[in-house]
Amino acid sequence: MTELTPIGLFTSFIRLGEGGEVRAEEPAFDPEQDSWQMMTFHVETDDDLHADHWEIHTAADEVVSCLTGGIRLILRPERPGEPEAQTRLTPGTAVVVPRGRWHRIALDTPSDIMSVTLPRGSRLERRTDT
C-alpha cells in the first residue's frame with residue numbers, strides 16, 4: 001500500500017518534472033531551474049512580494065492566481081509613454097502572463113497567491129517609477 005504525505009503549499013515549492021514526476025522542495029527560486037515550479041505565498045504587504053521590482057520569465061508563460069484576498073497584476077508598457085496594463089484578480093481567478101512580458105503584482109488586501117512557471121531565465125529589475 002502506498003502512503004501519501006501531505007505537502008505544505010505555503011512551506012514548499014512543487015516541482016513538475018519533464019518525465020511526469022512531482023516533488024516538493026524547500027522554497028528557493030532558481031532562475032537556472034529547468035522544471036516547472038508551483039509556488040504558493042501568503043502576503044500581507046507589497047514588500048512581501050517584491051512590488052518594487054518588475055519580473056520577467058523568458059522561457060515560459062506564467063499562471064498567477066489569487067486564492068484569497070485581492071491583487072492586481074500589472075504589465076509594464078512595451079513602449080515608452082504607454083500606460084501600464086492592469087488586471088484585478090479576486091479569489092478564485094487567475095491570469096496567464098505571456099512569456100517575455102515584464103510584470104509585477106500589487107496588493108489590494110492581504111492575499112494568498114499561487115503561481116506556476118518555468119523559472120529558467122527569470123529576472124527581476126528594480127522599478128524606477130516608485
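Where is the place of D48? In this predicted model, D48 sits in the loop between β3 and β4, the latter covering residues 53-56. The residue counts as partly exposed, because its relative accessibility is 44%. D48 and L107 are 59 residues apart along the chain. Their C-alpha atoms are separated by 9.7 Å.

Salt bridges were then examined. A search of the whole structure finds 10 of them. One joins D108 to R88, with an N to O distance of 2.3 Å. This pair links distant parts of the chain. D108 belongs to strand β8 and R88 to strand β6, 20 residues apart. The two partners fall into separate accessibility classes. D108 is partly exposed, since its relative accessibility is 34% and the class runs between 20% and 50%. R88 is exposed, because its relative accessible area of 54% lies over the 50% cut-off.

A further salt bridge is formed by E78 and R101. Here the closest N and O atoms are 3.4 Å apart. This pair, too, links distant parts of the chain, with the two positions 23 residues apart in sequence numbering. E78 lies in the loop between β5 (62-75) and β6 (85-89). R101 lies in the loop between β7 (93-97) and β8 (103-117). The bridge therefore joins an exposed residue, E78 at 57% relative accessibility, to a buried one, R101 at 18%. R101 counts as buried because its value is under 20%.

R23 and E25 also form a salt bridge. Their closest N and O atoms are 2.8 Å apart. R23 has a relative accessibility of 37%, so it counts as partly exposed. E25 is likewise partly exposed, with a relative accessible area of 22%. That value places E25 outside the buried class, because buried means under 20%. R23 and E25 are members of a network that also contains R15. The network is joined by salt bridges that share partners.

Aromatic contacts were considered next. The count comes to 1 aromatic pair. The pair consists of F13 and F41, whose ring centres are 6.0 Å apart. Their planes stand at 85°, so the arrangement is edge-to-face; the cut-off for that class is over 60 degrees. F13 lies in strand β1 and F41 in strand β3, which spans residues 36-43. The pair therefore ties together parts that are 28 residues apart in sequence. The two rings belong to residues with unlike cover. F13 is buried, because its relative accessibility is 6%. F41 is partly exposed, because its relative accessibility is 35%.

A charged side chain is also placed against an aromatic ring. R104 lies over the face of W54. The distance from the ring centre is 5.2 Å.

At the surface, a nonpolar patch of about 260 Å² is made by I7, L9 and F10. I7 lies in the segment before β1, a strand of residues 13-16. The relative accessible area of I7 is 44%, so this residue is partly exposed. Its value also satisfies the patch criterion, because that requires over 30%.

Technical notes: Residues numbered from 1 in each chain as written. Predicted model: local features only at pLDDT ≥ 70, side-chain atom pairs only at ≥ 80, totals over all residues. Heavy atoms only, no water. Patch = residues over 30% accessible without salt bridge, like charges linked within 9 Å, V, L, I, M, F, W, Y side chains within 5 Å. Areas by Shrake-Rupley, 256 points an atom, 1.4 Å probe, with all protein chains shown as cover. Salt bridge = Lys/Arg side-chain N within 4 Å of Asp/Glu carboxyl O. Helix = DSSP H or I, 4+ residues; strand = E, 2+ residues; numbered from the N terminus. Buried < 20%, exposed > 50% of the residue type's maximum accessible area, 1.4 Å probe, protein only. Phe/Tyr/Trp six-rings, centres within 6.5 Å; stacked < 30°, edge-to-face > 60°. Lys NZ or Arg CZ within 6 Å of the ring centre and 35° of its normal.
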